[in-house]
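This report describes the fold, the metal site and the buried interior of one protein chain. The sequence and structure are shown first.

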Amino acid sequence: MQISQKKNRKRAWEDYLDFFYPECCCGCGQRLLGSENTLCGRCMEQLAYTCHEKSGSNPLAARMKSLLPIETAAALLRFNKEGIIQALLHQLKYQNQPQIGIMLGRIAGQRLLDSPVFGSVDFLVPVPLHPKKLKKRGYNQSLLIAQGMNEFLGKAICPELLAKRISSQSQTQKNRIARWENIKENFDLNPEIQQEKKFHNRHFLLVDDVVTTGATASRCCQELLRIPGSKVSFYAIAHPD
Ligand SMILES: [Zn+2]
């Protein structure tokens, strides 16, 4: 079969799918236009950017640096309970919508591309999920975000550097102190990988979907700081500041 025939068939099949199963915006539910992907133009305009990446000093970086000797921290968007980002993160985590993670990661990657603060990052490290949760969800949303970022930043992703050890109760069911205690013992640096020289004296960027108390991020950063000569920074998609 000629290539042009194959292409025509593929396009006809895509038109058929689009007619019967139109792709809808994950923010407002409206049908997407041909040029739009996952989120419509109107919803895209409503995303509230923090602009943290333009400077090393922001409220999230200040809080994280007060806890650990990290380089910097930043979030892409302001988390607002009624906002689009709340709906997007909920669908990403609980409604099997992995494309949202990739899309948010791409936006983050584009914005970090010219950032003077994050330019020296060598590796992206997604916050790990416990294997049981990974099996239930089908994907690690932080890894998807890192993959989207990687499309623009071209940095290697290291999902195997950290592991989550024991299953924890739903974070929303716990108060702040209990949540911190619950997190405290949960993340481990992979000792075999830690020994690999290619990871020594490098700058690691920990990637997460949302940061609230900072307990998860701090615990993971603490582990990454155990790698000889490591520098560590943190990046989240959303932060309630
Ligand atoms: Zn929309």
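## Basis and overall composition

Strands, as named here, are DSSP runs of E with at least two residues, and they are numbered from the N terminus. By that definition, H239 belongs to strand β7. The model under discussion is a predicted one.

The chain contains 10 helices and seven strands. Of its 241 residues, 44% are buried. Among contacts in the chain with a separation of 6 or more, 73% are between residues 24 or more positions apart.

## The zinc site

Four cysteine sulfur atoms coordinate the zinc ion at 2.3 Å: C25 (SG), C28 (SG), C40 (SG) and C43 (SG). The angles among these four donor atoms run from 106 to 113°, and the site is tetrahedral.

Along the sequence, the donor residues follow the spacing C-x2-C-x11-C-x2-C. Two of the donor residues, C40 and C43, are buried.

## The nonpolar cores

In soluble globular proteins, nonpolar side chains tend to be buried together. Here the largest nonpolar core comprises 36 residues, of which L88, L104, M149, L205 and Y235 touch the most other members. Two or more residues are contributed by each of β1 (73-78), α4 (84-94), α5 (98-112), α7 (141-153), β6 (203-210) and β7 (231-239). Helix α5 supplies the largest share, seven residues. The core also spans the domain assignment, drawing at least three residues from each of domain 1 (1-46) and domain 2 (48-239).

A second core, separate from this one, has 28 residues, including F123, F187, L189 and F204. Returning to the largest core, Y235 illustrates its packing: beyond the neighbours within four places in sequence, Y235 is in contact with A74, A75, L76, A108, L112, F118, M149, L205, L206, V207 and D208.

## Strand β7: A236 and H239

A236 is located in strand β7. With a relative accessible area of 0%, A236 counts as buried because this value is under 20%. Its contacts, apart from neighbours within four places in sequence, are A74, A75, L76, D208, D209, V210 and V211. One of these partners, V210, is 26 residues away from A236 in sequence, yet the two C-alpha atoms are 5.5 Å apart in space.

H239, in the same strand β7, has a relative accessible area of 4% and is therefore buried. Leaving aside neighbours within four places in sequence, H239 is in contact with H52, L60, R63, A75, L77, R78, F79 and V211. A75 and V211 are among the contacts of A236 and also among those of H239.

## A buried glutamate in a loop

E53 lies in the loop between α2 (41-46) and α3 (59-67). The relative accessible area of E53 is 4%, so this residue is buried.

Which side chain does the side chain of E53 meet in a polar contact? The partner is the side chain of R111, at 3.2 Å. Not counting residues up to four places away in sequence, E53 touches A74, R111, L112, S115, P116, V117 and F118. Of these residues, A74, L112 and F118 also appear among the contacts of Y235, a residue of the largest nonpolar core.

Technical notes. Residues numbered from 1 in each chain as written. Predicted model: local features only at pLDDT ≥ 70, side-chain atom pairs only at ≥ 80, totals over all residues. Heavy atoms only, no water. Core = buried A, V, L, I, M, F, W, Y, C linked by side-chain atoms within 4.5 Å. Buried < 20%, exposed > 50% of the residue type's maximum accessible area, 1.4 Å probe, protein only. Helix = DSSP H or I, 4+ residues; strand = E, 2+ residues; numbered from the N terminus. Domains from an automatic or database assignment. Contact = heavy atoms within 4.5 Å. Polar contact = N/O pair within 3.5 Å; in protein donor to acceptor, adjacent residues only side chain to side chain. Donors = N, O, S within 2.8 Å, 3.2 Å for Na, K, Ca; no water. Tetrahedral: all angles 85-135°; square planar, octahedral: opposite > 155°, others 65-115°.
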